[in-house]
Amino acid sequence: MRELVFELEYDRGADPLMDVFGNNPELTSTLIASFVDHDCCWIVERFVGPTSALDRIEQIRCEDEGPREDTTATTCNAVRHPTVLERSPTTLVTHLFVESLHTCDSIWAIAARRLQPGVVIQSRRQGYCQDFRLLVRSEENVEVFYERFQENLKDGISAQFGHLGSVDQWAYDSLSGVSLPEEQRLTLRLAVDNGYYETPREITVEKLAEEMDLPRSTVSYRLRRAEAALTKGYLGRLTHPAEE
């Protein structure tokens, strides 16, 4: 097996879905996708972030009217069938079945037409960047696929090639299924951004509490709950901690 890795960078206003990520730096998503045949694909994507951002994501992904996510400069007439698999205040999981890919020049459509059957696609979004990892059976037509989808990217989206090579490991993220309450997630992000997890630590819990204008006990509790959830998630014992 071979893997193709590349990244898309979006300008503000180029894609409504990516604008939600750009406006919410703490919002992330991971997806896995594959193809039923040359004309159909399925995509399962997990979004984790603030409730307001997830509301907007659900609207864009699932409503028939309104802005649609699109990377191609040409008109795409593929038919989408979205389903919400899971929804909580901080997590949204969607299933998207797409057919009539022959009418489209999206990344998904070109991969279906150009690459060998059996392709598996992983992707991660944050900010205005989307990373892709394609697992393919061989390098046949990979160069043609990469060149073709770049040619069809609309203005405001650029592609950066990563690498094409052998597969050393399957980069499954066991933490992608861990949902943290918004209070814990924001506290954890502030701790990371301020060097709490550096060695030596660059900030104390007391200073974090001062910055958040919260009692020290509250900040300490949120960090401990978040750390416990992430540790259990990494070891495969997923939990869904609630703020108490």
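**Salt bridges and backbone oddities**

D213 sits in the loop that runs between α6 and α7 (216–234). I start there on purpose. This is a predicted model, and D213 has a backbone worth a look. Its phi is near 55°, a positive value in a residue other than glycine. D213 is also exposed, at 70% relative accessible area.

There is a second case. S100 is not a glycine either, yet its phi is positive, about 60°. Look for S100 in the loop between β5 (91–99) and α3 (107–114).

One more backbone item. Which two residues are joined by a cis peptide bond? They are T199 and P200, with omega about -5°. P200 belongs to the loop between α5 (182–193) and α6 (205–212).

Now the side chains. How many salt bridges does a search of the whole structure find? The count is 14. I will take three pairs.

Pair one is E139 with R2. Their side chains meet in a salt bridge at 2.5 Å, N to O. E139 is in the loop between β7 (129–136) and α4 (142–151), and R2 is in strand β1 (residues 2–10), so this pair ties together parts that lie 137 residues apart in sequence. Buried or exposed? E139 is partly exposed, with a relative accessible area of 39%. R2 counts as partly exposed too, at 25%.

Pair two is E58 with R87. Here the salt bridge is 2.8 Å, N to O. E58 comes from helix α2 (residues 51–62) and R87 from strand β4 (residues 79–87), so the link ties together parts 29 residues apart in sequence. E58 is at 25% relative accessibility, which counts as partly exposed. R87 is at 31%, and that is partly exposed as well.

Pair three is R80 with E69. The side chains meet in a salt bridge at 3.5 Å, N to O. R80 lies in strand β4 and E69 in the loop between α2 and β4, so the tied parts are 11 residues apart in sequence. Are these two buried or exposed? Both R80 and E69 are buried.

Stay with that last pair for a moment. R80 and E69 belong to a network of salt bridges. Which other residues are linked in the network? They are E45, R61 and R125.

To recap, with the structure on screen. Start at the cis bond between T199 and P200. Go on to S100 and D213, for their positive phi. Then follow the salt bridge from E139 to R2, and finish at the network that includes R80 and E69.

Terms used:
Residues numbered from 1 in each chain as written. Predicted model: local features only at pLDDT ≥ 70, side-chain atom pairs only at ≥ 80, totals over all residues. Heavy atoms only, no water. Salt bridge = Lys/Arg side-chain N within 4 Å of Asp/Glu carboxyl O. Helix = DSSP H or I, 4+ residues; strand = E, 2+ residues; numbered from the N terminus. Buried < 20%, exposed > 50% of the residue type's maximum accessible area, 1.4 Å probe, protein only.
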